[in-house]
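Trainee: I am new to this structure and would like a close look at one part of the model. Could you take me through the salt bridges, please?

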Amino acid sequence: MREQSRKLIVMLATIVDSLDRFGEMTPVLRELGARHVKYGVKPEHYKTLSSALLWAFGKALERDYYPEVRTAWTAAIDAINREMLSGADAAARAPRAGPGS
């Protein structure tokens with residue numbers, strides 16, 4: 001779990017650093033979404049994580065968590081989720097290689 005937490009923090013930092021060129025991150029996010037299908041992540045898990053992140057940001061930022069800040073984070077997380085879910089959907093629909101393929 002510690003390793004997964006570290007990976008989440010690194011990915012969030014990378015995305016924040018890339019917000020002005022978010023389009024460059026879309027292939028990475030789609031691949032990440034595709035990989036998460038293999039880990040058993042379901043579409044409804046994205047909403048749960050989004051809610052948890054927004055709550056955690058609110059706790060961490062306290063008085064600086066203005067409505068505009070929450071709105072900006074919500075928009076960023078929603079964009080991330082859209083790309084990851086797009087990758088997850090594509091992976092789930094892709095034909096699986098069977099034995100002897």
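Mentor: Happy to; here is a walk through the salt bridges, with a short visit to the pocket at the end. This is a predicted model, so local features need pLDDT of at least 70 and side-chain atom pairs count only at pLDDT 80 or more, while totals for chains, interfaces and linings use all residues. Residues are numbered from 1 along each chain as its sequence is written, and side-chain values use heavy atoms, with hydrogens and water left out.

Side chains of opposite charge can pair when their charged atoms come close. A search of the whole structure finds five salt bridges (a side-chain nitrogen of Lys or Arg within 4 Å of a carboxyl oxygen of Asp or Glu).

Let us begin with Glu3 and Arg6, whose closest N and O atoms are 2.7 Å apart. Both residues lie in helix H1, three residues apart, or about one turn of the helix. Helices here are DSSP runs of H or I with at least four residues, numbered from the N terminus. Glu3 is partly exposed at 40% relative accessibility, and Arg6 is partly exposed as well, at 45%. On this scale, buried means under 20% relative accessible area, exposed over 50%, and partly exposed in between, using a 1.4 Å probe and protein chains only.

Now look at Asp89 and Arg93, which meet in a salt bridge with an N to O distance of 3.0 Å. These two are separated by about one helical turn because they sit four residues apart in helix H4. Asp89 is partly exposed at 39%, whereas Arg93 is exposed at 61%. Elsewhere, salt bridges that share partners join Asp20, Arg21 and Glu24 into one network. Within that network, the closest N and O atoms of Glu24 and Arg21 are 3.3 Å apart. Glu24 is exposed, with a relative accessible area of 54%, and Arg21 is partly exposed at 38%.

Finally, the pocket. Helix H1 (2-17), home of Glu3 and Arg6, gives the most to the lining of the largest pocket, with seven residues. By class, that lining has 14 nonpolar, six polar and two charged residues; Ala, Val, Leu, Ile, Met, Phe, Trp, Tyr, Cys and Pro count as nonpolar, Asp, Glu, Lys and Arg as charged, and the others, Gly among them, as polar. A pocket is an open set of points on a 1 Å grid over the protein atoms alone, where a 1.4 Å probe fits, with protein on both sides within 12 Å along at least five of seven lines; lining residues have an atom within 4 Å of a point.
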